[in-house]
Amino acid sequence: MSDRLTQLQDAANALSEHICNSIGILQQSASPATFPGFEKSTPKDPSVINDENVKVFCNSICRTAKDMDVLIDSLPNEESTTQLQASYLTKLETENQNEAAKLRLKVQEGERELNKLQEALVEIAKVQLETRKIEAEFTCGSLPKTSLPPADEVTGDFSELPQR
């Protein structure tokens with residue numbers, strides 16, 4: 001994506017190209033000028049100019065001129081002083097700080113929810129282990145020996161637990 005000045009230069013180049021091509025078509029399709037006493041052949045009818053070419057070049061020149069107007073209108077005006085730019089940047093910085101504060105709050109909220117989820121997963125794992133103990137006692141008739149770490153040491157990382 002190019003900046004507005006480059007787009008404006010490209011539009012000016014396109015406009016000059018359209019005008020040059022339209023003049024070339026006019027020269028190509030125009031009848032030759034006659035000089036009295038110097039005529040070799042009968043001149044062609046001057047209405048040979050192709051109306052379709054005229055419409056195409058008129059449309060392309062007008063469209064390019066309109067595009068240039070839009071690009072010129074989008075350029076910053078001369079009233080943009082250093083003071084105005086500094087106040088605008090200050091406003092943007094304030095908005096940025098407000099949004100950063102909101103983002104920090106959302107991250108903290110997400111971390112709290114993650115901790116709740118990890119605590120729930122720890123509780124689910126404990127219940128599953130207790131259920132397996134009951135199942136083993138019911139099946140085998142005796143309680144297998146297992147040891148669980150203290151609850152404050154459980155982090156919610158279950159990668160070390162044996163898989164069934």
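**Three helices, one chain**

Let's start with helix 1. It has 26 residues and reaches 37 Å from its first C-alpha to its last, close to the 38 Å expected at 1.5 Å a residue. Keep in mind throughout that this is a predicted model.

Now the overall layout. The chain has 3 helices and 0 strands. Along the sequence, the pattern reads α-α-α.

Back to helix 1, residues 4-29. Which of its residues are buried? They are L8, A11, L15, H18 and S22. Look at the spacing. An α-helix has 3.6 residues a turn, so residues three or four places apart point the same way. And what do those buried residues pack against? Helix 2.

So, on to helix 2, residues 51-74. This one has 24 residues. At 1.5 Å a residue it should span 34 Å, and its end C-alpha atoms are 35 Å apart, which agrees. Its buried residues are F57, S60, T64, M68 and L71. Helix 1 is part of what covers them.

How do the two helices sit together? They pack at an angle of about 160 degrees, and their axes are 9 Å apart. That angle makes helix 1 roughly antiparallel to helix 2; the cut-off for that label is over 145 degrees. The crossing of helix 1 past helix 2 is left-handed.

Here is the contact list for that pair. From helix 1 we have R4, Q7, L8, A11, A12, A14, L15, H18, I19, N21, S22 and I25. They meet N53, F57, S60, I61, T64, A65, M68, L71, I72 and S74 of helix 2.

One residue to click on is V70. V70 lies in helix 2. Is V70 buried or exposed? V70 is exposed, because its relative accessible area is 55% and the cut-off for exposed is over 50%. Pair V70 with L8 next. These two are 62 residues apart along the chain, yet their C-alpha atoms are separated by 9.3 Å. L8 itself is buried in helix 1.

Next, helix 3. It covers residues 82-140, which is 59 residues. From first C-alpha to last, helix 3 reaches 84 Å, close to the 87 Å expected at 1.5 Å a residue. Its buried residues are V122, A125, K133 and A136. Yes, a lysine is in that set: K133. What follows helix 3? G141 does, with a positive phi, near 90 degrees.

Last, the whole-chain numbers. The chain has 164 residues, and buried ones make up 9% of them. The exposed area is about 14,300 Å². Carbon and sulfur atoms supply 57% of that area. For contacts between residues at least 6 apart in sequence, 75% join residues at least 24 apart.

To recap. We have three helices and no strands. Helix 1 and helix 2 are roughly antiparallel, with axes 9 Å apart. Helix 3 runs over residues 82-140, and G141 comes after it. That's the tour.

Methods: Residues numbered from 1 in each chain as written. Predicted model: local features only at pLDDT ≥ 70, side-chain atom pairs only at ≥ 80, totals over all residues. Heavy atoms only, no water. Helix = DSSP H or I, 4+ residues; strand = E, 2+ residues; numbered from the N terminus. Expected span 1.5 Å × (residues − 1). Buried < 20%, exposed > 50% of the residue type's maximum accessible area, 1.4 Å probe, protein only. Contact = heavy atoms within 4.5 Å. Areas by Shrake-Rupley, 256 points an atom, 1.4 Å probe, with all protein chains shown as cover. Axes fitted to C-alpha atoms, helices over the stretch in contact; angles between N-to-C directions. Parallel < 35°, antiparallel > 145°, perpendicular 65-115°, else oblique. Left-handed = near helix turned anticlockwise from the far one by under 90°.
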